[in-house]
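Please work through the following exercises on a protein model. Each task is followed by a solution in steps.

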Amino acid sequence: MGALDGRVALVTGAARGQGRSHALHLARAGADLILIDIARQIDTVTYPMADPADLAETERLVRELGRRVHSAVADVGDGPVLRAAVDTAAAELGRLDIVVANAGISGYGSVARGLSDAAWQNVLNTNLTGAWNTCAAALPHIAAGGRGGSVVLISSVGGVRGIRNMPHYTATKHGVIGLTRTLALEYAEQFVRVNAILPTSVNSAMIMNPTTFALFRPDVDNPTVDDVRDAFQRGNAMPVPWVEPEDISKAVLFLVSDDARYITGATLPVDAGALLT
């Protein structure tokens, strides 16, 4: 039997990358899945975002593991649309026990470099308002079940320190930690645990793109992944440039499991020692 048999988990940003990895780890542990993704490009995001085919592939992979699954295209920044999607999915699958608020976008800029109002607002809407909307849509279903539950919000090492050229991203990830701690207090009496994970750079489309490479190696024309390995590695204490989505998923799986039944309000770095540097 799986550690999560009989439970239903919601994952946002589930179409690919970390979100797909989280969904598959939860499915392998026995959970049925609700998959949410915007599945379209946001115009201020400089790397290609997921599309409906990516979301369909995550759904296929979950079904292949023998789990029930409900997927929906929805923008986490749109509260009413997200609530409707979660309500429909929870009714279809009969319950909701676990939430992984994973949806997030990134970008670069500063006051001096002319960070646009639209870029600021899009990151805020997805990363922070989206995390709030996800919790606001899901927590009533978890609480109504009367069985307790677990919420994991994906923050960042940028949630506890500044990162140059990413004021909008770091501001939202700081906010996610404040949201985590407040919700943990508000739902503790119902045995609904709320925790955050703080990854370092993760091997996903958010950093594996030409815009990020150029920021890290402005001295190189058209830098490749091999050109930026050393630059990324200098940000971590351990001699690795980044971690894999699966490394974050294993932390998610621990926090939502009964092994972590008395852990709430925590911020868990999965950062190869980045916060030590």
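The exercises below concern three residues and their surroundings.

The model is predicted: local features need pLDDT of at least 70, side-chain atom pairs count only at pLDDT 80 or more, and totals for chains, interfaces and linings use all residues. Residues are numbered from 1 along each chain as its sequence is written, and side-chain values use heavy atoms, with hydrogens and water left out.

**Exercise 1.** Determine the location, exposure and contacts of A143.

Solution.
1. A143 lies in helix α4, residues 117–145. Helices (H or I, at least four residues) and strands (E, at least two) are DSSP runs, numbered from the N terminus.
2. A143 is partly exposed because its relative accessibility is 26%. Buried means under 20% relative accessible area, exposed over 50%, and partly exposed in between (1.4 Å probe, protein chains only).
3. With neighbours within four places in sequence set aside, A143 contacts Y187 and Q190; contact means heavy atoms within 4.5 Å.
4. The C-alpha atoms of A143 and L255 are 18 Å apart, with a sequence separation of 112 residues.

**Exercise 2.** Is A39 buried or exposed, and what is the sign of its phi?

Solution.
1. A39 belongs to the loop between β2 (32–37) and α2 (52–64).
2. Its relative accessibility is 7%, so A39 is buried.
3. Phi of A39 is positive, about 55°, although A39 is not a glycine.
4. Most residues other than glycine have a negative phi.

**Exercise 3.** Describe the backbone and exposure of N222.

Solution.
1. N222 occupies the loop between α6 (210–216) and α7 (225–233).
2. N222, a residue other than glycine, has a positive phi near 50°.
3. N222 counts as exposed because its relative accessibility is 72%.
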